[in-house]
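Please open the structure in a viewer and keep the sequence panel visible. The tour below proceeds by selections, each followed by an account of what is found there.

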Amino acid sequence: MNALPLWAEIVVGVLALASGMFALLGALGMTRLRTFFQRMHPTALVSTAAAWCVSLACVVYFSVTEGRLSLSYWLIVVMLAITVPITTTLLARAALFRTRQENMPGVPPPLHTEHTDFGAPH
């Protein structure tokens, strides 16, 4: 097993520590913020940053140890970039629907006040 050069150890270590700090910030945000909607955006940002740091650390580590550019770990970030916004939007819509059903104060009204069938004549 080949030892990593010092510069690679430092880069991988800094990225791993940064990822851990981002994950810790996300966990603190989950405990500090009160509502579901407040928790969604900041925690999603820091967890995405943590995933970027870990993936970049993996790319650096395996590229140095294998002696060639290893970008397969970058697929994690690409998949997160595709799936996280979709999941976040669906969760927010479900939470908004649920709070409207409970008639909680401060909830914005729906854009359409009447029910319409798509494709049916009005």
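The tour starts with the whole chain and then moves through individual selections.

**The whole chain**

The model shown is predicted. Display the protein as a cartoon: three helices and zero strands appear, and from the N terminus on the elements run α-α-α. Next, switch on the accessible surface, which comes to about 9,500 Å². Carbon and sulfur atoms contribute 70% of that surface. Of the 122 residues of the protein, 19% count as buried. Among contacts with a separation of 6 or more, 51% are between residues 24 or more positions apart.

**Helix α1**

Select residues 6-32, which make up helix α1. Does the length of this helix agree with the span expected at 1.5 Å a residue, or disagree with it? With 27 residues the helix should span 39 Å, and its end C-alpha atoms are 38 Å apart, so the two values agree.

Within α1, select A8, V12, L15, S19, G26 and G29, which are buried. Against which element do the buried residues of α1 pack? They pack against α2, residues 36-66.

**The loop between α1 and α2**

Move on to L33, in the loop between α1 and α2. L33 is partly exposed, with a relative accessible area of 27%. Show its surroundings: leaving aside neighbours within four places in sequence, L33 is in contact with Q38, R39 and P42. A C-alpha to C-alpha distance drawn from L33 to T43 reads 9.7 Å, for two residues that are ten apart in sequence.

**Aromatic pairs**

Select the aromatic side chains; the structure holds four aromatic pairs. W52 and W74 form one of them, an edge-to-face pair with 5.1 Å centre to centre and 85° between the planes. Because W52 lies in helix α2 and W74 in helix α3, this pair ties together parts that are 22 residues apart in sequence. Both residues are partly exposed, W52 at 40% relative accessibility and W74 at 25%.

Then select F62 and Y73, a stacked pair with 4.8 Å centre to centre and 20° between the planes. F62 lies in helix α2 and Y73 in the loop between α2 and α3, so here the pair ties together parts that are eleven residues apart in sequence. F62 counts as partly exposed at 24% relative accessibility, and Y73 counts as partly exposed at 25%. Add Y61 to the selection: ring pairs link Y61, F62 and Y73 into a cluster.

**Salt bridges**

How many salt bridges does the count come to? It comes to two. For one of them, select R68 and E66, whose side chains meet at 3.5 Å, N to O. R68 is exposed, with a relative accessible area of 53%, whereas E66 counts as partly exposed at 39%.

For the other, select E102 and R98, whose side chains meet at 3.7 Å, N to O. E102 is partly exposed, with a relative accessible area of 46%, while R98 is exposed, with a relative accessible area of 58%.

**Helix α3: a surface patch and a buried residue**

Select residues 74-101, helix α3, and locate L75 in it. L75 is exposed, with a relative accessible area of 54%. Extend the selection to V78, M79, I82, I86 and L90: together with L75 they form a nonpolar patch on the surface. The accessible area of this patch is about 580 Å².

Finally, select T99, which also lies in helix α3. Is T99 buried or exposed? T99 has a relative accessible area of 14%; the limit for a buried residue is under 20%, so T99 is buried. Its contacts, not counting residues up to four places away in sequence, are with F37, M104 and V107.

Terms used:
Residues numbered from 1 in each chain as written. Predicted model: local features only at pLDDT ≥ 70, side-chain atom pairs only at ≥ 80, totals over all residues. Heavy atoms only, no water. Patch = residues over 30% accessible without salt bridge, like charges linked within 9 Å, V, L, I, M, F, W, Y side chains within 5 Å. Areas by Shrake-Rupley, 256 points an atom, 1.4 Å probe, with all protein chains shown as cover. Salt bridge = Lys/Arg side-chain N within 4 Å of Asp/Glu carboxyl O. Helix = DSSP H or I, 4+ residues; strand = E, 2+ residues; numbered from the N terminus. Buried < 20%, exposed > 50% of the residue type's maximum accessible area, 1.4 Å probe, protein only. Expected span 1.5 Å × (residues − 1). Contact = heavy atoms within 4.5 Å. Phe/Tyr/Trp six-rings, centres within 6.5 Å; stacked < 30°, edge-to-face > 60°.
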